[in-house]
Amino acid sequence: MAFEVPSPGVTVLFGPSGAGKSTIILAAAGLLRPDACRIEVDGQVMVDTEAGLWLSPERRRVGLVFQDARLFPHMSVATNLRFGMRRARPGTVTFDEVVELLGIGELLGRRPHTLSGGERQRVAIGRALLAQPHLLLMDEPLASLDSARKAEILPYLTRLKTALRLPVLYVTHDLDEVTRLADSMVLVEAGRVVGFGPLAEIAARADLPLALRDDAGALLHCRVAEHDPGRELTRLDAGGAEFLVPLLDLPLGREVRVRIPAREVILAGKAPEAISLHNVIAGTVRQIAGDPARRAVMVEVGLPDGALLARVTPDAIARLALSPGGPVLALIKSTSIEVLGD
Amino acid sequence: MTLIVAARAVSFGLPLAVAMAWLLARYRFPGRAWVNALVHLPLVLPPVVTGWLLLILFGIRGPIGSLLLAWFDVRLVFTTAGASLACAVMTFPVMVRSVRLSLEAVDPGLDQAARTLGAGRLDRLFNVTLPLASPGILVGGIVGFATCLGEFGAVITFAANIPGQTQTLPLAIYAALQVPGGEMKAAELSLVSLTLALVGLLLSEWVAKRLNVALGR
């Protein structure tokens, strides 16, 4: 398997358990020594088995956040945070900045065993960041938390993402974390990389395993183009295609991510009349992939910038006479479009 | 007298026991089973045999004893230092055992975490593993100390029973019992012995509990 990810930026490793995601993480951290492997971060080679090069984990400066925070129980939160910092050359990440970003100022004097799961994980993230890593690895950092704790941490992670210019490899199988954090994505299945690239591109591919999920759907990057308070609608511009959604409380020009679930998209040959629907989007059929388990097919509809996914029946394809390359209209209820912010 | 012998035995034996336990707990090397057996030998061997073996090894004509005498002018046989050595050897297995158990109980995940944070081997040992194993190490020391107080066979064989020099508490009790009318003295000494042993055991419990609280267990 081989893949390349952008730096800085958050790349999510996504795939079923046992697919090899954690192996990738452990190899990148140096806690596992693969037989053949080459890892390079920002031009610096960490491992190259062919050249016989091996950088030990302690000299690699790759931060790792484990699923179980693994804080040192005999140290206070502050000492835990400084553990890596004291052993690294001074860098751009400062103690106060991290404490501020993660909102852990009030925990500094406490012992790890008195913290909640979410607090522990925040401290672990801070500890890894303060070791001034070249690369940050996060191995399902939120998997052991309940959804309320997850919701508590996610905003901190989004803040970190914008504040730090670092490449991050993030393992998860939670699509919510993916859509909120990822810039790009690596799909792993049975020890192989089945696809990697920018998130919007991967999410909108009808032929990748992601399209077989119940909650499959396309992601689009949009700009808030116009508010219409009279009709209580907001117009979003997705680089050529336009969407109307219920009025948003966001400034004009703001970049947002929207997710459009495949099961909410209707395909049509010509525009219907007298209908409650707002969004009739013209596109081109890019590919049609089978989904035999659901007796359905997934249609990838190309837009000027990006793509939509529509889950329909094989019968619909036949009736509309859809084939790759042909024109099609995608009908989307404005209330079905999930605006995720950024 | 007894306390000094025991204190010396523990202060020399414990660091060695920690090193040995570390070796046995973390590394797989050829002959590991033999080293392990050798360490535990004094536990199962009759103490008199241990004392006699020490006498052979460390006697002034023994392979190690003659070297010590020639190089450092140190004589162990029939001296206070010798009594400490005998005690240390006898309590070594107890200490290794206790330390090793606590080392093995330390989560290796924390060691991994420390590695990714840039801590080298010794750094991790002294700042992560040993502090986390400290309850076991302390208990090992205290129990070792208490066992030293009661050591008889190896001491009398190797260091003899010289009042004021190598006569530890149990030897003194034994000597008192040999003298007609010494029962009273023997009873007094036994009471002292009993008290010391009890205090040792209670202290180790208490220390372990305090440390475990500090470590958040």
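Two residues are in contact here when heavy atoms of one lie within 4.5 Å of heavy atoms of the other. Keep that meaning in mind for the tour below, which moves through a predicted model and begins in chain B before turning to chain A.

**First stop: B:Ser204**

Select B:Ser204, which you will find in helix α10 of chain B, the helix that covers residues 183-214. With its neighbours within four places in sequence left aside, B:Ser204 is in contact with B:Val139, B:Ile142 and B:Val143, so showing those three side chains together with the serine displays the contacts just described. Is B:Ser204 buried or exposed? Its relative accessible area is 6%, and because buried means under 20%, this serine counts as buried.

**Second stop: chain B as a whole**

Now widen the selection to the whole of chain B, whose secondary structure comes to ten helices and zero strands; followed from the N terminus on, its elements therefore read α-α-α-α-α-α-α-α-α-α. Taken along the principal axes, the C-alpha atoms of chain B fill a box of roughly 70 × 40 × 30 Å. Of the 217 residues in chain B, 44% are buried, and the accessible surface of the chain comes to about 11200 Å², with 72% of it belonging to carbon and sulfur atoms. If you look at contacts in chain B between residues at least 6 apart in sequence, 69% of them join residues at least 24 apart. Colouring the charged side chains will show 15 positive and 9 negative ones in chain B, and the centres of these two sets lie 7 Å apart.

Before leaving chain B, colour it by pLDDT, for which the chain averages 83, with 99% of the residues scoring at least 70. Which helix has the lowest mean pLDDT among the elements of chain B, and which has the highest? The lowest mean, 77, belongs to helix α4 (residues 63-72) of chain B, and the highest, 89, to helix α6 (residues 108-116) of chain B. Where pLDDT is low, the predicted coordinates should not be read in detail. For the model, the scores are ipTM 0.73 and pTM 0.77.

**Third stop: strand β6 of chain A**

Move to chain A and select residues 135-139, which form β6(A). All five residues of β6(A) are buried, and its two faces are both covered, with A:Leu135, A:Leu137 and A:Asp139 on one side and A:Leu136 and A:Met138 on the other. Add strand β5 (residues 62-65) of chain A, which runs parallel to β6(A) and is joined to it by four bridges; here A:Val65 stands opposite A:Met138. Then add strand β7 (residues 167-172) of chain A, which also runs parallel to β6(A), again with four bridges, and in which A:Val168 stands opposite A:Leu136.

**Fourth stop: from A:Glu140 to A:Ala163**

Follow the chain into the loop between β6 and α6 of chain A, where A:Glu140 is found. The phi angle of A:Glu140 is near 45°, a positive value in a residue other than glycine, and with a relative accessible area of 13% A:Glu140 is buried. Next select helix α6 of chain A, residues 147-163, in which A:Ala163 lies. At 36% relative accessibility A:Ala163 counts as partly exposed, and its C-alpha atom is separated by 9.6 Å from that of A:Glu97, although these two residues are 66 residues apart along the chain.

**Last stop: strand β18 of chain A and a nearby number in the list, A:Arg295**

Select residues 327-332 of chain A, which make up strand β18(A); five of its six residues are buried, so the strand is largely enclosed by the rest of the structure. Strand β14 (residues 265-268) of chain A pairs with β18(A) in the antiparallel sense over four bridges, and the partner of A:Leu267 in this pairing is A:Ala330. Strand β15 (residues 279-291) of chain A is likewise antiparallel to β18(A), here over six bridges, with A:Ala282 standing opposite A:Leu329.

To finish, select A:Arg295 in the loop between β15 and β16 (296-302) of chain A. A:Arg295 has a positive phi of about 50° although it is not a glycine, and at 71% relative accessibility it counts as exposed.

Methods. Residues are numbered from 1 along each chain as its sequence is written. Chains are lettered from A and ligands numbered from 1 in the order in which they are written. This is a predicted model: local features need pLDDT of at least 70, side-chain atom pairs count only at pLDDT 80 or more; totals for chains, interfaces and linings use all residues. Side-chain values use heavy atoms; hydrogens and water are left out. Buried means under 20% relative accessible area, exposed over 50%, partly exposed in between (1.4 Å probe, protein chains only). Two strands pair if DSSP finds at least two bridges between them. pLDDT is the predictor's confidence in each residue, from 0 to 100. Accessible areas come from the Shrake-Rupley method with a 1.4 Å probe; for residues, only the protein chains shown count as cover. Lys and Arg count as positive and Asp and Glu as negative; His and the chain ends are not counted. The place of a charge is taken as NZ of Lys, CZ of Arg, CG of Asp or CD of Glu.
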